[in-house]
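This report describes a single protein chain for a reader who is meeting such a description early in their studies. It goes from the whole chain to its helices and then to a few residues in the loops.

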Amino acid sequence: MNENKIINDQNISISFFKKEVKKFVEERNWNKYHTPKNLVQAINCEAGELSQLLLFKDYTIEEILNNETLLTNIADEIADVFVYVISILNILGLDLSQSFMNKMEKNKKKYSNKEFNNGTYYKK
Ligand SMILES: [Mg+2]
């Protein structure tokens, strides 16, 4: 059975991705390239590729959803960013779930519901 068909966001954990990326990197002997600097730059490069797909275009969400090729390309670039995020988590021994929860707590304090309930991103 093709593993890709049964794995989805509802039934997988971050540790699965960490193991997959670690194995992929080790099998290719790429550990020497996976330094913090290189991985941060790789994340930026992949984010740039994602950005390029939408550069100078003002697609609506519906237009993207109705363009299978564009949607696939966007998904691929998001996955590329994610792979490098997972790799930097691996080499620095970070727990994404803990980082996420800690940062969301900070975000909730920084952007309180009381001050940011009118649709603005900035304090006036
Ligand atoms: Mg890419």
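The radius of gyration used here is taken over C-alpha atoms, and the value for a compact globule comes from a rule of 2.2 Å times the number of residues to the power 0.38. With that rule in hand, the predicted model can be placed against it: a compact globule of 124 residues would have a radius of gyration near 14 Å, whereas the chain has 18 Å. Taken along the principal axes, the box that the C-alpha atoms fill is roughly 50 × 35 × 30 Å. Of the 124 residues in the chain, 5% are buried.

The chain contains 6 helices and 0 strands, and from the N terminus on its elements follow the order α-α-α-α-α-α. When contacts between residues at least 6 apart in sequence are considered, 77% of them join residues that are at least 24 apart.

**Two helices that pack together**

One pair of helices can be followed in some detail. Helix α2, which covers residues 14-27, packs with helix α5, which covers residues 68-92, at an angle of about 90 degrees, and their axes are 9 Å apart. That angle makes α2 roughly perpendicular to α5, since angles from 65 to 115 degrees count as roughly perpendicular. On the side of α2 the residues that take part are F17, K18, V21, K22 and V25, and they meet V83, I86, S87, L89 and N90 of α5. Sorted by class, this contact of α2 with α5 has 6 nonpolar, 2 polar and 2 charged residues.

Helix α5 also holds some of the buried residues, namely Y84, I86 and S87, and what covers these buried residues includes α2 and α3. Just after α5 comes G93, which takes a positive phi of about 65 degrees.

**Helix lengths**

How does the distance between the ends of a helix compare with what its number of residues predicts? For α5 and α6, the values at 1.5 Å a residue agree with the distances between the end C-alpha atoms, as the table shows.

| Helix | Residues in helix | Expected span | Distance between end C-alpha atoms |
|---|---|---|---|
| α5 | 25 residues | 36 Å | 36 Å |
| α6 | 15 residues | 21 Å | 20 Å |

Helix α6, which covers residues 96-110, has 0 buried residues among its 15, so this helix lies largely in the open.

**Residues in the loops**

Which residue in the loop between α2 and α3 can be described here? The residue is N29, and although N29 is not a glycine, its phi is positive, at about 55 degrees. N29 counts as exposed because 8 C-beta neighbours lie inside 10 Å, and a residue is exposed if it has 12 or fewer.

The loop between α3 and α4 holds F56, a residue other than glycine whose phi is likewise positive, near 65 degrees. F56 is exposed, as 5 other C-beta atoms lie within 10 Å. L54 is also found in the loop between α3 and α4, and L54 is exposed with 12 other C-beta atoms within 10 Å. From C-alpha to C-alpha, L54 and I64 are 9.8 Å apart in space, while in sequence they are 10 residues apart.

Technical notes:
Residues numbered from 1 in each chain as written. Predicted model: local features only at pLDDT ≥ 70, side-chain atom pairs only at ≥ 80, totals over all residues. Axes fitted to C-alpha atoms, helices over the stretch in contact; angles between N-to-C directions. Helix = DSSP H or I, 4+ residues; strand = E, 2+ residues; numbered from the N terminus. Parallel < 35°, antiparallel > 145°, perpendicular 65-115°, else oblique. Contact = placed C-beta atoms within 7 Å. Nonpolar A, V, L, I, M, F, W, Y, C, P; charged D, E, K, R; others polar. Expected span 1.5 Å × (residues − 1). Buried ≥ 20, exposed ≤ 12 C-beta atoms within 10 Å, placed from the backbone.
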